[in-house]
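The following paragraphs lead through one protein model, from its pocket to its fold, its core and its loops. The reader is invited to keep the structure in view throughout.

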Amino acid sequence: MRVYDFVVYLSEHIQIPLVHIKNGDIVEEKIDIVVDKEGRVIQGPYPSVQDAYHKALESLSNALGEVENILDALEYRLEMEEPVKPGEIYTASYMAHALYYYAAFLYQLGRELGARGMAPPRLLSYARALRRKALFIRRYARDVRLLHATVVQLSLDASMKRLTWLGTVALPAIVITGFYGMNLSWLPLADNPPAVFLILASAVAAFAYILNKI
């Protein structure tokens, strides 16, 4: 889906994008309005361009609110160390970026409509506020992506730490079994397997205790 995949003809034919969130994705509809030279609606689902533009802004506002709630939920789950799929992060990020471009388009459209007297200043102020909110949400999505990347990196670091700790703890046992595996008769307790196993267990336990205190 291309954000700017709509054409605006301010002379007679006006197309206004109407966006909303459905099933975790952005759905776009187009409001087609035909106006005369004075800006009166000749054909269209709304009695005036102003009403259609206001409806588009309200729909954008609702979509921005839904995406913000999605990002809030993802941030909470990440902070609580709950599992979050990368696809959820990327989908929310995509929606945040797409809605920003919709907001920028509607703001520019509002300026052109206002210049023709078909959109009052209050609607243009509303569109400007939505564009700022969309920019905030896009930055918020970036922060959530960074948080997710940090959580993943910390998880990898913890896994590597556990593997390193396990390998280090096993080192005394590897060294001792290496010596006793040579079948050297002069080694202490070489002919007493239970005693050798006791030495291994004691060495591993002592080494693990030391590492835990470091």
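Which element gives the largest share of the lining of the largest pocket? In this predicted model, that share comes from H3, with 5 residues. The pocket itself has a volume of about 200 Å³. Its lining includes Leu 78, Glu 81, Glu 82, Pro 83, Val 84 and Pro 86, and among the other lining residues are His 148, Val 151, Val 152, Leu 154 and Ser 155. Sorted by class, the lining holds 7 nonpolar, 2 polar and 2 charged residues. As general background, empty space is revealed by rolling a probe the size of a water molecule over the atoms.

The fold as a whole can be considered next. The protein chain contains 4 helices and 3 strands, and from the N terminus the order of these elements is β-β-β-α-α-α-α. Of the 214 residues in the chain, 33% are buried. Taking contacts between residues at least 6 apart in sequence, 64% join residues that are at least 24 apart.

Helix H2 permits a simple check of geometry. This helix covers residues 86-115, and at 1.5 Å a residue its 30 residues should span 44 Å; the C-alpha atoms at its ends are 44 Å apart, so the expected and modelled spans agree. Just after H2, Gly 117 adopts a positive phi of about 80 degrees.

The interior is described by the largest nonpolar core, which has 47 residues; Ile 16, Tyr 53, Leu 60, Leu 99 and Leu 106 touch the most other members. Two or more residues of this core come from each of strand E1 (13-22), strand E2 (25-35), helix H1 (49-79), H2 and helix H3 (121-180). The element that gives the most is H2, with 14 residues.

Leu 99 shows how such contacts bring separate parts of the sequence together. Beyond residues up to four places away in sequence, Leu 99 touches Val 19, Ile 26, Leu 60, Ala 63, Leu 64, Val 67 and Ala 134. The last of these partners, Ala 134, is placed in helix H3. Is Ala 134 buried or exposed? Its relative accessibility is 0%, and it therefore counts as buried. Apart from neighbours within four places in sequence, Ala 134 is in contact with Leu 64, Leu 99, Tyr 100 and Ala 103. Ala 134 and Tyr 102 are separated by 32 residues in sequence, while their C-alpha atoms are 8.9 Å apart in space.

A polar side chain can be examined in the same manner. Ser 59 belongs to helix H1 and, because its relative accessibility is 10%, counts as buried. With neighbours within four places in sequence left aside, its contacts are Leu 18, Val 19 and His 20.

The loops call for attention to backbone angles. Most residues other than glycine have a negative phi. Asn 23 is not a glycine, yet has a positive phi of about 55 degrees. Asn 23 is found in the loop between E1 and E2 and is exposed, since its relative accessible area is 78%. Glu 81, likewise not a glycine, has a positive phi of about 60 degrees. Glu 81 occupies the loop between H1 and H2, and its relative accessible area of 70% makes it exposed. Glu 81 also returns the account to the largest pocket, as one of the residues that line it.

Methods:
Residues are numbered from 1 along each chain as its sequence is written. Side-chain values use heavy atoms; hydrogens and water are left out. The expected span of a helix is 1.5 Å times one less than its number of residues. A nonpolar core is a set of buried Ala, Val, Leu, Ile, Met, Phe, Trp, Tyr and Cys residues joined through side-chain atoms within 4.5 Å. Buried means under 20% relative accessible area, exposed over 50%, partly exposed in between (1.4 Å probe, protein chains only). Contact means heavy atoms within 4.5 Å. On a 1 Å grid over the protein atoms alone, a cavity is a set of points where a 1.4 Å probe fits but cannot get out, and a pocket is an open set with protein on both sides within 12 Å along at least five of seven lines; lining residues have an atom within 4 Å of a point. Grid points are joined across faces, edges and corners, and a volume is the space filled by probe spheres set on the points. Ala, Val, Leu, Ile, Met, Phe, Trp, Tyr, Cys and Pro count as nonpolar, Asp, Glu, Lys and Arg as charged, and the others, Gly among them, as polar.
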